Amino acid sequence: MRLRVEFTTEPFDLDEAPPHAVVAREVVQGADLDAVDVGPFGNTAEGEAGRVLTAVDALLRQALEAGATRVSLQVNVVDGEGDR
């Protein structure tokens, strides 16, 4: 099974990425995931279910430890042809 995770961390800072956002992005960029896309207002990554769930656990723990007051995420099951 493949999963896609989309997430944001708060509070936002429009001048520079806050530490919690940087940490969360580094977690998904360092995980063995496919199609990682990081941006100023949202991030996505896709991969094998176990790897995505491991990365989600790490990004939640590390982002909260780095000062996030909210982490919004959505996880979808995907297949080779798109969302189900």
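Begin by selecting α1 (19-30), a helix of 12 residues that reaches 16 Å from its first C-alpha to its last, close to the 16 Å expected at 1.5 Å a residue, where the expected span is 1.5 Å times one less than the number of residues. Helices (H or I, at least four residues) and strands (E, at least two) are DSSP runs, numbered from the N terminus. This is a predicted model, in which local features need pLDDT of at least 70 and side-chain atom pairs count only at pLDDT 80 or more, while totals for chains, interfaces and linings use all residues. Residues are numbered from 1 along each chain as its sequence is written, and side-chain values use heavy atoms, with hydrogens and water left out.

Within α1, select His20, Ala21, Val23, Ala24, Arg25, Val27 and Val28, which are buried (under 20% relative accessible area, with exposed meaning over 50% and partly exposed in between, for a 1.4 Å probe and protein chains only). The buried residues of α1 pack against β1, β2 (34-38), β3 (43-48) and α2 (49-65), contact being heavy atoms within 4.5 Å.

Move next to the loop between β1 (2-10) and α1, where Leu14 is found; Leu14 is exposed, with a relative accessible area of 70%. Pro11 lies in the loop between β1 and α1 as well, and the peptide bond leading to Pro11 from Glu10 is cis, with omega near 10°.

Finally, select Ala35 in strand β2, whose phi is near 50°, a positive value in a residue other than glycine. Ala35 counts as exposed, at 57% relative accessibility. Most residues other than glycine have a negative phi, and most peptide bonds are trans.
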